[in-house]
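Work through the exercises below with the model open. Each task is followed by its solution.

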Amino acid sequence: MNSRSQKFKFKIRDFNDVTPILIFLIVVVFFGIATQGRIFSPYNIKILIDQSVTTLVAGMGMIFVIALGGTDITPGAVAACGGFATYLIGCKYGILAAFAVALLVGGATGLLLGVVNARFKVPSFMASLAIGPIALRGFANIILQSQESEVIITPELVSINTFPIKLPIVITLLIIIVYLFHYSPFGYYCRAIGENESAVRYAGVNVRKIKILAFLISGLMSGFATVFMVSRASGLQTSLGTGFEMNVMMAIFVAGVPVTGGIGAKIYKLIVGAFTLLILQTGMVLCGLTGSTIQLVRGLVLLSVVYLSVTLNNKGPEGLKNLFPSKKKKDTANA
Amino acid sequence: MRTGDCVLELRNINKFFASTHANNNISLTFNRGEVRGIVGENGSGKSTLSSIICGMQKADSGEMFKDGKPYAPKSPLDAISNGISMVVQELGVLTQLTIPLNIFIGREKQFSKFGIINTRKMKKAAQRELEKFGLGVVDVDDYAGDLSIEHRKMVELTKALMVDPDVLILDEITQALSRDNRDRVHKVIHDFAEKNKTVIVITHDIEEIVELADTITVLRDGQVVGTVKASETTPDKIKSMMIGRDLTGNYYRTEEEETRGENVILSVKDLTLPGVFNDVSFDLYEGEILAFCGLSDAGIHELGEAIYKIGDKSQGKVLTPLAQKKEVESPIDIIRAGGAYLSKDRDVAGLMLQADIKTNIAIPSIRDLAKGGLFVKPKDVRKKAQDAVDTFEVKCTGIEQPVMRLSGGNKQKVNLSRWLTRDLKFIILDCPTRGVDIGVKEYIYHVLAEAKDKGIGIIMITDELPEAIGMADRIMVMHKGTIAKTIHRSEGFTEESIIEVMI
């Protein structure tokens, strides 16, 4: 009806795409100054990349599920359960076997979750809560607690945690995922389902199949992340992967991927988000803050970023003015 | 006009949205006992005007007078207390609540004792209200979310009538209503006006408003073009007032003979959807337009979905004789056979409203756009979308614009273009011109005639008889789930002969 506001909306959409990068830059500059540059020492950079790997890899799978409007909170439990399987098989038969068995655990979990969600229509949050943190982790705890001696993995498996082995794998995975997500019909369908599932169904797409595949990919990527996690920890504990899925979700959402999914989901946002969080965390550690304070700040940052992106998405340019709604403004909004 | 007492007066109303002058110096008077139609193309300012009258927006300048006293509503609630009530175009029902709660929300106190609501009493009262206005076709035990759009409108209308306003504003109320429910609403409007009250009807349907209203105000580009007596005008005169030029003439087909190709392109055999329709069989030929008409319980819309095999409850066969795979088992088979289906419910089962035009156009064709079925080049997607937007003359700022920012007509153009830019053999269209203005309607008919000439078979399911009569080669009239009569164009279509079978 009025072209001016259309253009405005247009700008805001673009703005919403650059918000994550802006926030990233703010965090970088802030901690660059606050730590007097220490955070960008070669050693710290190496640590940052090293730490980002598990989150990135699991996120590259989870983003398919989030794009279509679902939730997958199994990665942490897959890590616990798959981690034990990796230890059992990997220590005996080597690296390839370790990956194979972790992928099997992750893939099977994803497939089950996909079928339960798509075929039997159980909301993915509930289904993955039941399958992951409750069932799988419980299972892992029982097995691990029955182990008498300390669980330590072989040097061969630990060697996965070196850049020459780790980086090529992660980069290959990244290329495959970027292709699948942004350049394959499957990726388009995932994002379209997040926009309007029924419209995609009416466009003649087998939505059920797409959903199951998305959960499968998410599970497989959790499998990859598991191996990296185990090799990095060089041993197993019952707490392996606790809260892992929350880190992954934070990385995805902090960079403005809509919680409801859709075409706003993008891989670069995950990468930017993961590093934003890590720099935030590492920076705070270097500044001498304690664990619980860090947790609190992370939570506040996520809350404000998600609020910002939701407001921008819903209300467009007017949203900015209403970021802190006063009583009076609220009245006109209702009217 | 029944009487002449002025109930509501607008003086020099102006409203701007950024640079757009949505309402330009509008002055109007509304009289008691009058049914007033307000018509205009999309973007002519009629919805803005009604939202100002009912307090949803404030005018930038100008005054209003209700019964001679200054009237400046702060909110819809304020408008209601001043005796002005409205049924909005975007439906306002609360889907998670039952119908009685929907009707009495905000007024539930009358049923409560010690803070507990007597739902049984409320239900009875709701039933009574619905019946009082002759809209008792709705089952009050349902949740509003389970109702069809038609029944939701009945609930909304009851809610608006219940406060017994002096002025009732109806925004696109009969859009999407089938003939029988439309008649019910018309009766409500007439009864209401008989009580010396005023009804303002905002609509796209010119034929309807000429019959229904006493007077009609035409808006164009935010200005009043004129107000005329319905008895002294014709739909064509109104239409040329709306678009500011004479219509190019007849936008329907002019020939009186049916034409079609030799080959059967889609064959439906004994298709049954239990409880909705039974044993429907017919063949669709190349280059044929086959229209389906019927009342709301006739099953015409469900038939369209069943042919597309969406949902798996229907029995019977749908065949595509020219395709490699003959029997249709799922929507994908229809699409592979060169078919397409356009739902009546564009915003739910058609478009992704928040996504951009590009994505919307690309999704049905993404498999074909992928090189070797694997790689989708963003450039190809953009080209496909740009071509579709250019061919269908979609008014937009660019293919990145979100679809929800488009007018209804342009949304429908996007919706149609997604399919018609494909290499089609046949298409099933459920109410293709619903909620679009005349300019776009004319355009759609033109596109359909072109598609027919190219040999595309078209099934057109429609609630509008003039459309079926104007475009079809064959009309199948359905009555309570069976095909009651088939009429050929050469036999001559008349509204009477169709309605006779429908009822």
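**Exercise 1.** Into which domains is chain B divided?

Chain B has domain 1 (6-93 + 147-243), domain 2 (250-340 + 424-503) and domain 3 (353-422); the bounds come from an automatic or database domain assignment. The model is predicted: local features need pLDDT of at least 70, side-chain atom pairs count only at pLDDT 80 or more, and totals for chains, interfaces and linings use all residues. Residues are numbered from 1 along each chain as its sequence is written, with chains lettered from A and ligands numbered from 1 in the order in which they are written.

**Exercise 2.** Describe the contact of domain 2 with domain 3 in chain B.

Step 1. The centres of the two domains, taken over C-alpha atoms, are 25 Å apart.

Step 2. Domain 2 of chain B gives 12 residues to the contact and domain 3 of chain B gives 8; residues are in contact if their C-beta atoms, placed from the backbone, lie within 7 Å.

Step 3. On the domain 2 side, helix α16 (residues 438-453) of chain B supplies the largest share, 5 residues. Helices (H or I, at least four residues) and strands (E, at least two) are DSSP runs, numbered from the N terminus.

**Exercise 3.** What is the strand order of the open sheet of 3 strands in chain B?

Step 1. The order is β14-β13-β16, with antiparallel pairing; two strands pair if DSSP finds at least two bridges between them.

Step 2. β14 (277-285) and β16 (315-319) of chain B are the edge strands, each pairing on one side only.

Step 3. Strand β13 (residues 264-273) of chain B joins β16(B) over 4 antiparallel bridges. B:Thr272 has B:Gln315 in β16(B) as its bridge partner.

Notes. Contact = placed C-beta atoms within 7 Å.
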